There are 2 protein chains.
Amino acid sequence: MSLLTVGTVAFDDIETPSGRAEKVVGGACTYISLAASYFVKPVRVVSVVGDDFPHETLEYLRHRGVDLEGLQIKEGEKSFFWAGRYHKSLNTRDTLDTQLNVLATFDPVLPESYKQSEYLMLGNLTPMVQMQVLEQLTHRPKLVALDTMNFWMDIAMDDLRKVLEKIDVLTINDEEARQLSGEHSLVHAARAIHKMGPKYLIIKKGEHGALLFHRGQIFYAPALPLAEVTDPTGAGDTFAGGFMGYIAKTGDISFENMKRAVVFGSAMASFCVEKFGIERLKGLTPAMIENRVEEFAELVKF
Amino acid sequence: MSLLTVGTVAFDDIETPSGRAEKVVGGACTYISLAASYFVKPVRVVSVVGDDFPHETLEYLRHRGVDLEGLQIKEGEKSFFWAGRYHKSLNTRDTLDTQLNVLATFDPVLPESYKQSEYLMLGNLTPMVQMQVLEQLTHRPKLVALDTMNFWMDIAMDDLRKVLEKIDVLTINDEEARQLSGEHSLVHAARAIHKMGPKYLIIKKGEHGALLFHRGQIFYAPALPLAEVTDPTGAGDTFAGGFMGYIAKTGDISFENMKRAVVFGSAMASFCVEKFGIERLKGLTPAMIENRVEEFAELVKF
């Protein structure tokens with residue numbers, strides 16, 4: 001099974017109530033591919049970095065089975081950079097700085113070997129770029145998931161609506177679901193969003209868990225109550241990577257299996273937030289992931 | 001089995017995004033006793049109303065097996081009155097008016113027949129009054145639960161801390177748990193609150209469900225995603241009534257049974273919010289409640 005993903009590979013400056021970290025490796029595609037690599041190989045990456053991006057990180061990703069043929073490295077240019085400060089609740093944050101750098105002129109080009117990928121995770125990025133990736137595929141993947149955010153709803157809603165028509169699974173947070181649908185009730189929001197294209201909707205609620213909607217059916221995966229959340233950055237991308245990685249590994253896109261995928265995604269996200277950046281996602285083992293999933297099962301058992 | 005409860009029996013003016021309702025019957029003790037009446041008889045009430053309180057409501061409660069011997073009816077006086085307006089999210093509200101009326105001089109007096117009650121639910125009220133009820137019991141109940149709110153933490157923290165030392169189960173919302181403990185992480189908050197007395201802590205998170213903490217163990221009951229929430233008033237009290245009613249019915253205070261009680265409480269609360277005031281809590285059947293509990297089980301099954 002093969003999973004293709006597109007998104008940013010970047011640097012972040014992060015400030016949380018636990019501390020701060022500068023120029024840590026981040027980006028949606030980094031989190032997605034790393035999380036997915038625990039489930040499936042190859043994970044194929046379409047993205048762009050400058051020549052400032054650390055070789056060790058690229059080597060580590062390759063070592064984990066991530067295919068970087070589609071990663072463009074622009075000589076003499078700088079990688080995408082984001083700086084943000086989380087509020088005390090960790091549910092909200094302020095963007096302090098955004099430097100597009102190589103992303104400003106990013107033209108996603110799929111290597112030939114990528115064009116028949118069986119699963120596709122369109123990470124949070126300009127909807128137009130997400131569409132360009134979809135259009136280069138010669139075969140329609142078995143499942144296409146897309147992550148997006150309020151920013152694109154504000155400035156590129158028409159493009160977003162066009163790409164939504166072509167995907168299967170949308171992952172957004174509760175406020176974004178309300179913004180996209182114009183409905184306050186998440187049940188009504190899900191109905192409205194299904195009509196836009198995605199047959200499956202995953203609403204990520206951070207510390208309150210995640211909801212999976214499909215044709216009137218609902219699944220609720222709680223979040224694990226954690227003693228310490230060091231850094232929420234990348235948790236949603238890590239969720240998406242775990243979710244799609246599990247789907248690609250099992251090759252089963254039934255609603256029942258998608259529930260399990262949501263729990264695996266939640267488990268991966270629960271690791272992610274324990275340290276800054278991608279640190280906690282390095283060196284996990286299948287047993288550690290299974291144990292975490294078991295904690296989720298125990299949490300809701302009655 | 002017998003369940004004793006204390007709290008307000010009152011009138012509410014309520015404004016929500018769905019509409020408004022004036023002078024509807026409300027009050028913590030009303031919701032608690034009505035919800036608990038679906039599980040156990042007798043439910044004994046200690047409270048006070050004026051002579052303006054509708055006889056039909058009292059008759060209805062009696063018909064449901066609620067013992068009103070401990071309900072004081074003050075001739076020529078008015079019942080407690082609260083008016084509030086919910087914000088769009090329904091998670092927050094503004095108090096528009098509070099008229100203490102009979103509550104200003106409330107002296108809770110337990111009838112002799114109440115003094116050996118096996119279970120006690122101290123509904124949200126002045127901590128001093130909650131303490132007075134506890135002190136009149138001649139036998140320590142098998143389980144004592146207490147509900148409170150940020151208002152008492154602001155103006156009567158010393159009294160609250162004293163009564164917390166004497167109870168088993170505390171039910172509060174997430175912001176109140178943070179305020180009471182001074183801890184942002186709910187896992188740390190639970191640890192701190194256990195040290196104040198309650199061996200069990202239930203954190204109510206409204207549309208995000210409820211968490212039960214006990215000595216490092218955690219149970220997560222999600223909330224049912226509802227298409228329409230008409231009025232959240234009384235949902236927390238209804239939860240408490242269903243929770244304690246189920247415990248009293250089963251006579252089992254193990255952690256495992258308490259999990260089931262949390263789900264039954266959540267199921268009762270999910271009915272409560274569907275209509276204004278106590279309307280939706282009238283005329284439920286055991287089958288309707290069982291079906292709702294089954295929906296909770298389905299929601300988290302994977």
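**Two copies about a rotation axis**

Chain B superposes on chain A after a rotation of 180° with 0.0 Å of shift along the axis, at an RMSD of 0.0 Å. The two copies are thus related as by a two-fold rotation axis. The model is predicted. The notes below cover the axis, the interface and one strand pair.

**Symmetry**
- Two copies of a chain are related by a rotation about an axis and a shift along it.
- Here the rotation is 180° and the shift is 0.0 Å.
- His208(B) comes closest to the rotation axis among the residues of chain B, with its C-alpha at 2.9 Å.
- Both copies use the same surface: 96% of the contact residues of chain B recur in chain A.

**Interface between chain A and chain B**
- On one side, 24 residues of chain B make contact; on the other, 23 residues of chain A do.
- Four elements of chain B each give two or more residues to the side that touches chain A.
- Three of these are helices of chain B: H7 (186–196), H9 (255–272) and H10 (286–300).
- The other is strand S14 (217–221) of chain B.
- The side of chain B that touches chain A holds 14 nonpolar residues, 5 polar and 5 charged.

**A strand pair in chain A**
- Strand S2 (residues 10–16) of chain A pairs with strand S3 (residues 19–26) of chain A.
- The pairing is antiparallel and runs over 6 bridges.
- Thr16(A) has Gly19(A) as its bridge partner in S3(A).
- A hairpin of 2 residues links S2(A) to S3(A).

Terms used: Residues numbered from 1 in each chain as written. Chains lettered and ligands numbered in written order. Predicted model: local features only at pLDDT ≥ 70, side-chain atom pairs only at ≥ 80, totals over all residues. Contact = placed C-beta atoms within 7 Å. Nonpolar A, V, L, I, M, F, W, Y, C, P; charged D, E, K, R; others polar. Pairing = 2+ DSSP bridges. Least-squares fit on C-alpha atoms with pLDDT ≥ 70 in both.
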